[in-house]
Amino acid sequence: MRGHELDLTVVRSPQPGAAQDRGRNEPVRTCVGCRKRASIGELLRVVAVDGHLVVDERRRLPGRGAWLHPGPECLTKAERRRAFPRALRVSGVLDARAVRHYVERRAVKSTGEEPSPSGVGMKEAGRPVMSQP
């Protein structure tokens, strides 16, 4: 087979979302609540400090971080799934009151609505939403 050269050009298929991400150099992380990927600019970094969850606004605190959308829905999902101890590789229960307060305060600023006092959701008719066992 002398005189014949094989063309070994590699053709790569585009990565999913590659066209969308072109030009953006911001890292992408996964929300521990809804498990959707988003840029770090859209997510909150949460770290564990002495058994308490703390929002790391400047993204500078030491240690492992978990990423969360700043909405109460994602926080509720993350707590229900017990995602924080797993993501942060911490044993035991973590107190999320500070993160809940931060998320609710942020929601009030963006919508202008006060959160329900007991943390229970309300239906349109004003009756509380009943959780299922």
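User: Where in the chain is Arg35 found?

Analyst: In this predicted model, Arg35 is found in the loop between strand 1 (28–30) and strand 2 (37–39).

User: Why is Arg35 called exposed?

Analyst: The relative accessible area of Arg35 is 53%. The term exposed requires a value over 50%, so Arg35, at 53%, is classed as exposed.

User: What makes the surface patch that includes Arg35 a positive one?

Analyst: The patch is formed by Arg35, Lys36, Lys77, Arg80, Arg81, Arg82 and Arg86. Lys and Arg count as positive, and therefore a patch made of these residues is called positive. Membership also requires over 30% relative accessible area; Arg35, with 53%, and Arg82, with 63%, satisfy that condition.

User: Where does Arg82 lie, and what is notable about its phi?

Analyst: Arg82 lies in the loop between helix 2 (72–80) and helix 3 (83–88). Its phi is near 55°, a positive value in a residue other than glycine. Most residues other than glycine have a negative phi. Arg82 also counts as exposed, because its relative accessibility is 63% and the cut-off is over 50%.

User: Which feature of Asp50 sets it against the general rule for phi?

Analyst: Asp50 has a positive phi of about 50° although it is not a glycine. The residue is found in the loop between strand 3 (44–49) and strand 4 (52–55). In the hairpin of these strands, two residues stand between strand 3 and strand 4, and Asp50 takes its positive phi there.

User: Is Asp50 buried or exposed, and why?

Analyst: Asp50 is exposed, because its relative accessibility of 74% meets the requirement of over 50%.

User: Why are strand 3 and strand 4 said to pair?

Analyst: Pairing calls for at least two bridges. Four bridges join strand 3 to strand 4, so the condition is met. The two strands run antiparallel. Among the bridge partners, Val49 is matched with His52 in strand 4, and Ala48 stands opposite Leu53.

User: What makes strand 3 and strand 5 a pair as well?

Analyst: Strand 3 and strand 5 (residues 66–68) are connected over three bridges in the antiparallel sense. At least two are needed, and therefore these strands also pair. Val46 stands opposite Ala66 in strand 5.

User: What makes the side chains of strand 4 alternate?

Analyst: Leu53 and Val55 point to one face and are buried, while His52 and Val54 point to the other face and are not buried.

User: Why is the contact between Arg45 and Asp56 called a salt bridge?

Analyst: The side chains of Arg45 and Asp56 meet at 2.5 Å, N to O. The definition asks for a side-chain nitrogen of Lys or Arg within 4 Å of a carboxyl oxygen of Asp or Glu, so the pair qualifies. Arg45 lies in strand 3 and Asp56 in the loop between strand 4 and strand 5, so the contact ties together parts that are eleven residues apart in sequence.

User: Are Arg45 and Asp56 buried or exposed, and why?

Analyst: Buried means under 20% relative accessible area. Arg45 has 10% and Asp56 has 6%, so both count as buried.

User: How many salt bridges does the whole structure hold, and what makes the pair of Arg100 and Glu79 one of them?

Analyst: A search of the whole structure finds three salt bridges. In the pair of Arg100 and Glu79, the closest N and O atoms are 2.4 Å apart. This pair links distant parts of the chain, with Arg100 in helix 4 (residues 97–111) and Glu79 in helix 2, 21 residues apart. The limit for a salt bridge is 4 Å, so 2.4 Å fulfils it. Arg97 also forms a salt bridge, with Asp95, at 2.9 Å between the closest N and O atoms.

User: Why are Arg100 and Glu79 called partly exposed, and which term applies to Arg97?

Analyst: Partly exposed covers values between the buried limit of under 20% and the exposed limit of over 50%. Arg100 has 23% and Glu79 has 32%, so both are partly exposed. Arg97, by contrast, has 64% and is therefore exposed.

User: Which term applies to Ala87, and why?

Analyst: Ala87, found in helix 3, is partly exposed because its relative accessible area is 22%, and buried would require under 20%. The C-alpha atoms of Ala87 and Val47 are separated by 9.7 Å, although the two residues are 40 residues apart along the chain.

Terms used:
Residues are numbered from 1 along each chain as its sequence is written. This is a predicted model: local features need pLDDT of at least 70, side-chain atom pairs count only at pLDDT 80 or more; totals for chains, interfaces and linings use all residues. Side-chain values use heavy atoms; hydrogens and water are left out. Patches are made of residues with over 30% relative accessible area and no salt bridge: like charges are joined within 9 Å, nonpolar side chains (Val, Leu, Ile, Met, Phe, Trp, Tyr) within 5 Å. Accessible areas come from the Shrake-Rupley method with a 1.4 Å probe; for residues, only the protein chains shown count as cover. The place of a charge is taken as NZ of Lys, CZ of Arg, CG of Asp or CD of Glu. Buried means under 20% relative accessible area, exposed over 50%, partly exposed in between (1.4 Å probe, protein chains only).
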